[in-house]
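Student: I'd like a close look at a single part of this model. Could you pick one helix and walk me through what surrounds it?

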Amino acid sequence: MKTRLKYLFFLGFGYLVLWLSCFLCYSIINKSDIPFSSNVYLLIFLFLVIGICLMAIYDVFVLQPYRELKKTINEVISGNFSIRAKEVGTTETQEIIRNFNSMVEQIEKNEEIRNKFIETYSHEIKNPINTILGYADLSSNKEINVENKEKYIEIIKNESQYLSKVCDNNLLMF
C-alpha cells in the first residue's frame with residue numbers, strides 16, 4: 001500500500017507541477033500580475049522538467065509492467081502457454097503477475113493433459129472402428145460361407161462392445 005501511495009504522490013505531484021507551469025505560461029501571455037523576467041522563464045522550465053521527470057518515473061515503475069503484462073496476455077490468447085510475465089513493478093503489480101503466471105502454468109498443464117487424452121483416445125477408438133469396418137466389408141461379401149459370416153459378426157459385436165466400454169470409461173473422466 002505504501003508503494004502505491006508513493007507512486008500516486010509522484011503522479012499527483014507531477015500533474016500539479018505541470019499545471020503550475022501551464023498557469024505561469026498563461027499568466028505571462030496575458031501579462032497579469034506576475035513580473036516578466038528571465039527568472040520566471042527559469043521557474044517555468046524547472047517546473048516543466050520536474051513534472052516530466054515525475055511523470056516518467058510513474059510511467060516506468062507503474063505503467064510499464066502493465067504494458068508488458070498486456071503483451072504477455074496477448075501471447076497467451078494466441079496459444080503460447082509457455083510464456084511467463086516478468087515480475088516487476090510495485091508489490092501489488094508483482095502479486096498480479098505471479099497470479100497470472102500461476103494461471104498460465106495451470107492452463108499449460110491442462111493443455112498437455114488434453115492433448116495426451118486426445119492422442120490416447122483417438123488410438124483406442126480408431127483400431128476397433130477399423131476392425132469393425134473391415135469385418136463388415138468381409139461379411140457383406142456374398143461369396144463367404146455362413147460359418148465365416150457368423151464369425152465376422154461375432155468379431156464386430158466384440159469390437160463394438162469394447163468400443164462402448166472405452167467410450168464409457170473415458171467419458172466418466174469428465
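**A close look at helix H3**

Tutor: Let's start with the whole protein: its accessible surface comes to about 12,900 Å², and 62% of that belongs to carbon and sulfur atoms. Keep in mind that this is a predicted model. The average pLDDT for the protein is 78, with 74% of the residues scoring at least 70. Confidence bottoms out in helix H1 (residues 2–29), at a mean of 65, and peaks in H3, at 85. That makes H3 a handy part to zoom in on.

For context, the secondary structure amounts to 4 helices and 0 strands, so to speak an α-α-α-α pattern when you read along the sequence. Buried residues account for 22% of the 174 residues in the protein. Take the contacts between residues at least 6 apart in sequence, and 61% of them join residues at least 24 apart.

Now for H3 itself. With 50 residues at 1.5 Å each, H3 should span 74 Å, and its end C-alpha atoms sit 72 Å apart, which agrees. Its buried residues are Glu-92, Thr-93, Ile-97, Phe-100, Asn-101, Val-104, Phe-117, Tyr-121, Ile-125, Pro-128, Ile-132 and Ser-139.

Several of those turn up in the largest nonpolar core, a set of 7 residues: Phe-117, Tyr-121, Ile-125, Ile-132, Ile-156, Leu-163 and Val-166. Two elements, helix H3 (91–140) and helix H4 (146–171), each give two or more residues to this core. H3 is the top contributor, with 4 residues. For a view from inside this core, try Leu-163: leaving out residues up to four places away in sequence, Leu-163 touches Glu-124, Ile-125, Pro-128, Ile-129 and Ile-132. Apart from this core there's another one, of 6 residues, including Leu-69, Ile-97, Phe-100 and Val-104.

One more residue deserves a stop, and that's Thr-93, which also lies in H3. Its relative accessibility is just 2%, and since the cut-off for buried is under 20%, Thr-93 counts as buried. What does its side chain pair up with? The side chain of Thr-93 makes a polar contact with the side chain of Tyr-66, at 3.3 Å. Setting aside neighbours within four places in sequence, Thr-93 is in contact with Pro-65, Tyr-66 and Val-88. Tyr-66 therefore shows up on both counts, as a polar partner and as a contact.

Note on methods:
Residues are numbered from 1 along each chain as its sequence is written. This is a predicted model: local features need pLDDT of at least 70, side-chain atom pairs count only at pLDDT 80 or more; totals for chains, interfaces and linings use all residues. Side-chain values use heavy atoms; hydrogens and water are left out. A nonpolar core is a set of buried Ala, Val, Leu, Ile, Met, Phe, Trp, Tyr and Cys residues joined through side-chain atoms within 4.5 Å. Buried means under 20% relative accessible area, exposed over 50%, partly exposed in between (1.4 Å probe, protein chains only). Contact means heavy atoms within 4.5 Å. A polar contact is a pair of N or O atoms within 3.5 Å; within protein, one must be able to donate a hydrogen and the other to accept it, and residues adjacent in sequence count only if both atoms are side-chain atoms. pLDDT is the predictor's confidence in each residue, from 0 to 100. The expected span of a helix is 1.5 Å times one less than its number of residues. Accessible areas come from the Shrake-Rupley method with a 1.4 Å probe; for residues, only the protein chains shown count as cover.
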